[in-house]
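Subject: Structure handover

Hi,

Here is the structure I promised to pass on to you. Have a look at it first, and then read on for my notes.

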Amino acid sequence: MTGCRNAIEQIYPYLDSEMGRWKATRVKWHLRRCQGCDGAYEFEAHLKSVIRDKGGGDEVPPELLDRLRALIHEEGTEGP
Ligand SMILES: [Zn+2]
């Protein structure tokens, strides 16, 4: 599906509520239609809540982000 890459990039500002209403609506719309991106969003949202629970602020460890991106990349790969 087209727009996945875009949607993934928007997940972070979307989670942080740093984007305009219209953009946020478009992201939400994509997440509803696309299970792959929705999964990534759920993962990110969970990650964020865990970090918040631990009082780690808004900073996500780069290692964790790398892992997440690898995960998303795998999801997006279809067949050989
Ligand atoms: Zn998608």
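To get you oriented, in which helix does Lys 48 lie? Lys 48 belongs to helix 3. With 16 C-beta neighbours inside 10 Å, Lys 48 counts as partly exposed. The C-alpha atoms of Lys 48 and Asp 16 are separated by 9.6 Å, although their positions lie 32 residues apart along the chain.

Please keep in mind that this is a predicted model. The protein chain averages a pLDDT of 81, and 80% of the residues score at least 70. Among the elements of the chain, helix 2 has the highest mean pLDDT (93), while helix 4 (residues 62–76) has the lowest (72).

Overall layout

The protein chain holds four helices and zero strands, and reading along the sequence gives the pattern α-α-α-α. Of its 80 residues, 15% count as buried. If you take the contacts between residues at least 6 apart in sequence, 61% of them join residues at least 24 apart.

Helix 1 and the loop after it

Helix 1 has 12 residues, which should span 16 Å at 1.5 Å a residue; the end C-alpha atoms are 16 Å apart, in agreement with that. The buried residues of helix 1 are Ala 7, Ile 8, Gln 10, Ile 11 and Tyr 14.

Ile 8 is a useful one to click on in helix 1. Ile 8 counts as buried because it has 23 C-beta neighbours inside 10 Å, where 20 or more are needed. From C-alpha to C-alpha, Ile 8 and Ala 40 are 7.6 Å apart in space, with a separation of 32 residues in sequence. Tyr 14 is another: leaving aside neighbours within four places in sequence, Tyr 14 is in contact with Met 19, Ala 24 and Val 27.

Just after helix 1 comes Ser 17, with a positive phi of about 55°. That is a positive value in a residue other than glycine, so you may want to look at the backbone there. Ser 17 sits in the loop between helix 1 and helix 2, and counts as exposed because it has 7 C-beta neighbours inside 10 Å.

Helix 2

Helix 2 has 13 residues and reaches 19 Å from its first C-alpha to its last, close to the 18 Å expected at 1.5 Å a residue. Which residues of helix 2 are buried? They are Val 27, His 30 and Leu 31. Seen down the axis of helix 2, these buried residues fall within an arc of 100°, so they line one face of the helix. What covers them includes helix 1 and helix 3. On the other side of helix 2, the exposed residues are Arg 21, Trp 22, Thr 25, Trp 29, Arg 32 and Arg 33.

Helix 3

The 19 residues of helix 3 (residues 35–53) should span 27 Å at 1.5 Å a residue, and the 27 Å between the end C-alpha atoms agrees with this. Cys 37, Ala 40 and Tyr 41 are buried in helix 3. They cover an arc of only 100° around the axis, and therefore lie on the same side of helix 3. On the other side of helix 3, Gln 35, Glu 42, His 46, Ser 49, Val 50 and Asp 53 are exposed. Just after helix 3, Gly 55 takes a positive phi of about 70°.

The nonpolar core

Which residues make up the largest nonpolar core? There are nine: Ala 7, Ile 8, Ile 11, Tyr 14, Val 27, Leu 31, Cys 37, Ala 40 and Tyr 41. Helix 1 (4–15), helix 2 (21–33) and helix 3 each supply at least two residues of this core. The largest share, four residues, comes from helix 1. As a general background, nonpolar side chains in soluble globular proteins tend to be buried together.

Best wishes

Technical notes: Residues are numbered from 1 along each chain as its sequence is written. The expected span of a helix is 1.5 Å times one less than its number of residues. A residue is buried if 20 or more other C-beta atoms lie within 10 Å of its own, exposed if 12 or fewer, and partly exposed in between; C-beta atoms are placed from the backbone. The arc is that of the directions from the helix axis to the C-beta atoms. A nonpolar core is a set of buried Ala, Val, Leu, Ile, Met, Phe, Trp, Tyr and Cys residues joined through C-beta atoms within 7 Å. Two residues are in contact if their C-beta atoms, placed from the backbone, lie within 7 Å. pLDDT is the predictor's confidence in each residue, from 0 to 100.
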